[in-house]
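Dear colleague,

I am handing over the structure below, and after it I set out what was found in it. Please have the sequence and the model open beside this message as you read.

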Amino acid sequence: MGKNRKQKTNPIVKLCLMVFTFYIVVCLVNSQIDISKKRDELESIAEKISIQEVENKKLERIINSDKDDEYIEKLAREKLNFAYPDEKIYIDISGN
């Protein structure tokens, strides 16, 4: 007979190949979405790191400066509301 005869592929095999291909495409798309999210997260963390490095340099300058006492006094006055024993502090409540 003829060698040119086409073999019919099983419809179940075709369906399995289509499902497998669809699964691979969905996995690739999900992976790309995850990669995009992780890149955004990485950029955000890198920005926070650079901000913290600037803050660290500022604090290192303060530590290494000769004005330690002035800085400590400033922090005590502004953050902790400290004052000298005989000092009178006036607070402007007019809102101006």
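Helices, as the word is used here, are DSSP runs of H or I with at least four residues, and they are numbered from the N terminus. Please keep in mind that the model is a predicted one.

On that basis the protein has 2 helices and 0 strands. Helix H1 covers residues 11-64, while helix H2 covers 68-78 and is followed by a further segment. The overall form is drawn out: the C-alpha trace spans about 120 × 35 × 20 Å along its principal axes, and the radius of gyration is 35 Å, where a compact globule of 96 residues would have one near 12 Å. Buried residues account for 2% of the 96 residues. About 10200 Å² of the protein is exposed, and 59% of that area is supplied by carbon and sulfur atoms.

Two points in the chain give a sense of its reach. Leu28 is placed in helix H1, whereas Ala83 belongs to the segment after H2. These two residues are 55 residues apart in sequence, and from C-alpha to C-alpha they are 64 Å apart in space. Leu28 counts as exposed because its relative accessibility is 54%, with over 50% being the mark for that class; Ala83, at 41%, counts as partly exposed.

Leu28 also takes part in a nonpolar patch on the surface, together with Phe20, Tyr23 and Ile24, and the patch has about 430 Å² of accessible area in total.

Turning to charge, the protein carries 17 positive and 17 negative side chains, yet the centres of the two sets lie 26 Å apart. A patch of positive charge on the surface gathers Lys57, Lys58, Arg61, Lys74 and Lys79, and its largest share, 3 residues, comes from helix H1. Arg61 is found in that helix, H1, and is exposed, with a relative accessible area of 57%.

Side chains of opposite charge can pair when their charged atoms come close. In this model the count comes to 3 salt bridges. One of them joins Lys38 to Glu41, with the closest N and O atoms 3.9 Å apart; since these residues are 3 residues apart in helix H1, they are separated by about one helical turn. Lys38 is exposed at 55% relative accessibility, whereas Glu41 is partly exposed, with a relative accessible area of 43%.

A second bridge runs from Glu73 to Arg77, where the closest N and O atoms are 3.3 Å apart, and both residues lie in helix H2, 4 residues apart, or about one turn of the helix. Arg77 forms a salt bridge with Glu87 as well, the closest N and O atoms being 2.9 Å apart. This pair links distant parts of the chain, with Arg77 in helix H2 and Glu87 in the segment after H2, 10 residues apart. Through shared partners, Glu73, Arg77 and Glu87 are joined into one network of salt bridges. Each member is partly exposed: Glu73 at 32% relative accessibility, Arg77 at 30% and Glu87 at 30%.

A last detail concerns the backbone in the segment after helix H2, where Asn81 is placed. Asn81 has a positive phi of about 60° although it is not a glycine, and Asn81 is exposed, with a relative accessible area of 62%.

With kind regards

Definitions and conventions: Residues are numbered from 1 along each chain as its sequence is written. This is a predicted model: local features need pLDDT of at least 70, side-chain atom pairs count only at pLDDT 80 or more; totals for chains, interfaces and linings use all residues. Side-chain values use heavy atoms; hydrogens and water are left out. Patches are made of residues with over 30% relative accessible area and no salt bridge: like charges are joined within 9 Å, nonpolar side chains (Val, Leu, Ile, Met, Phe, Trp, Tyr) within 5 Å. Accessible areas come from the Shrake-Rupley method with a 1.4 Å probe; for residues, only the protein chains shown count as cover. A salt bridge is a side-chain nitrogen of Lys or Arg within 4 Å of a carboxyl oxygen of Asp or Glu. Lys and Arg count as positive and Asp and Glu as negative; His and the chain ends are not counted. The place of a charge is taken as NZ of Lys, CZ of Arg, CG of Asp or CD of Glu. Buried means under 20% relative accessible area, exposed over 50%, partly exposed in between (1.4 Å probe, protein chains only). The radius of gyration is taken over C-alpha atoms; the globule rule is 2.2 Å times the number of residues to the power 0.38.
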